[in-house]
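Here is a friendly walk through one protein model, written for a reader who likes to check each point against the coordinates. Take a look at the sequence and the structure, and then read on.

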Amino acid sequence: MKEKIKPSIKAKPKLPDAPPANIEELRALLIDITRGQASRSLGTKARDAFGKILDVQDSTDLLSITTLSERIDTNPSTITRLAKALGYSGFGPFQKALLATRLQQPGSFYLNQAQSVISNADQPIKQRAAQLCHENQANIDYFVENFDTESFEAAVELIAQAPRVTIYGIRQFHSLAAFLTYGLRLIRTDVNILDANGLGVAEEIGAMHAGDVCIVASVAPYSSQVVFAAQVAHEQGLDVIAITDFASSPLISNAKASIFAPHRSSFISNSITSFFAVAECVINAVAATNSEQTEQALIDRQNLIKRLNIEDR
């Protein structure tokens, strides 16, 4: 009687190791690869690039494959091949692992904003543009729907009646300060950007007097210099107007009037589109407080522009 041959049992194929989820796991993997204890192997060039990437201290260098390749002096293609050798489908998932731990740390606002851009990078460019524009529209709608008439009117009255107005914002809010200054100067002459000449915030605030207005603008994460300037201006007797995001903003405690606007969006930094809308509303409202003076000021400005041949029609 023939012995029955038992069918051979095929071993289940071993699934590849999952790629590291964060920079700590990436460091551990590099150590194992160097020791020859890892299931993956890398050539000398790839291992060198891997080590340099893990040593990158400035997280902003990780936000694109171009900046990263320049930072470690290699080609983007080398980084892409390294990512795939480590088990990732491409640079994107590798990048997320490199940023994962940093995005959870305090002070990682800009990296968190960048993550929203990274996660949508595979969407069509028109879709991404439309999303950001709709987010800005929603912020402006929210400002209108939650308009604080009393506080807004108080701010406008302070600006209209103040002997002098100075405006302070740094980094991207410096552009808002410049725009407000330009718009208000169409109506009245004594409006300036604080520390525009680099003379120092303390010196310029010290040259102002009680009854003058200091407009400060900042949103979370709040600029400590702007918060301190608001405090000093208040202590000097100036009327402080805060343009900010929340009632919990540190600018509020020293402000006589506050204007709030939301800025939630997928923009890589703080979105300030809604704040420019606020600025336009402020400028128009101040202009309307004395329509005859505004009309004459605009006529004088137009005549001066003609005399200087500034505009080419």
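How many cavities of 30 Å³ or more does the structure hold? This predicted model holds one. The briefing below starts with that enclosed space, moves on to the sheet and the largest pocket, and ends with some individual residues.

**The cavity**

- The volume of the largest cavity is about 40 Å³.
- Its lining consists of Ala-155, Ile-159, Leu-180, Ile-215, Ile-241, Ile-243, Ile-259 and Val-282.
- By residue class, the lining of the largest cavity has eight nonpolar residues, with no polar and no charged ones.
- Helix H8 (149-161) and strand S4 (239-244) are the elements to look at here, as each supplies at least two residues of this lining.
- Val-282, one of the lining residues, belongs to helix H12 (residues 273-289).
- With a relative accessibility of 2%, Val-282 counts as buried, because the cut-off for that class is under 20%.
- Val-282 also makes a link across the sequence: Val-156 is 126 residues away along the chain, yet the two C-alpha atoms are 6.5 Å apart in space.

**The sheet**

- Five strands make up an open sheet with parallel pairing, and their order is S2-S1-S3-S4-S5.
- Which strands stand at the edges? They are S2 and strand S5 (257-260); each has a single partner strand, so one side of each lacks a neighbour in the sheet.
- On average, neighbouring strands of this sheet are turned by 20° against each other, direction ignored.

**Strand S1 and its partners**

- In a regular strand, side chains alternate between the two faces of the sheet.
- Are the faces of strand S1 (residues 165-168) covered or open, and which residues lie on each? Both are covered: Val-165 and Ile-167 lie on one side, Thr-166 and Tyr-168 lie on the other, and all of these residues are buried.
- S1 pairs with strand S2 (residues 191-193) in the parallel sense, over three bridges.
- Within that pairing, Thr-166 has Asn-192 of S2 as its bridge partner.
- To get from S1 to S2, the chain passes through helix H9 (residues 172-185), and this β-α-β crossover is right-handed.
- S1 also pairs with strand S3 (residues 213-217), again in the parallel sense, and this pairing has four bridges.
- Two bridge partners can be picked out in S3: Val-213 for Val-165, and Ile-215 for Ile-167.
- Ile-215 appears in the lining of the largest cavity as well.

**The largest pocket**

- The largest pocket holds about 220 Å³ of space.
- It is lined by 14 residues, and the closest to its centre are Tyr-142, Phe-143, Asn-146, Phe-260 and Ala-261.
- Helix H7 (125-145), H8 and S5 are the elements that each give two or more residues to the lining of the largest pocket.
- Which element supplies the largest share of this lining? That is S5, with three residues.
- The pocket lining divides into nine nonpolar, three polar and two charged residues.
- H8 is thus worth a second look: H8 supplies at least two residues to the lining of the largest cavity, and H8 is also listed among the elements giving two or more to the lining of the largest pocket.

**A second residue in H12**

- Phe-275 is found in helix H12.
- Its relative accessible area is 1%, so Phe-275 falls in the buried class.
- The C-alpha atoms of Phe-275 and Ile-140 are separated by 8.6 Å, although the two residues are 135 apart along the chain.

**Backbone points in the loops**

- A cis peptide bond runs from Ala-220 to Pro-221, with omega near -5°.
- Pro-221 sits in the loop between S3 and helix H11 (224-235).
- Asp-73 is not a glycine, and its phi is positive, near 60°.
- The loop that holds Asp-73 lies between helix H3 (65-71) and helix H4 (76-85).
- Asp-73 is exposed, with a relative accessible area of 69%.
- Arg-171, likewise not a glycine, has a positive phi of about 50°.
- Arg-171 is placed in the loop between S1 and H9.
- The relative accessibility of Arg-171 is 54%, so this residue counts as exposed.

Technical notes: Residues numbered from 1 in each chain as written. Predicted model: local features only at pLDDT ≥ 70, side-chain atom pairs only at ≥ 80, totals over all residues. Heavy atoms only, no water. 1 Å grid on protein atoms, 1.4 Å probe; cavity = no way out; pocket = protein on both sides within 12 Å on 5 of 7 lines; lining within 4 Å. Points joined across faces, edges and corners; volume = space filled by probe spheres on them. Nonpolar A, V, L, I, M, F, W, Y, C, P; charged D, E, K, R; others polar. Buried < 20%, exposed > 50% of the residue type's maximum accessible area, 1.4 Å probe, protein only. Pairing = 2+ DSSP bridges. Right-handed = clockwise from strand over helix to strand, strands pointing away. Axes fitted to C-alpha atoms, helices over the stretch in contact; angles between N-to-C directions.
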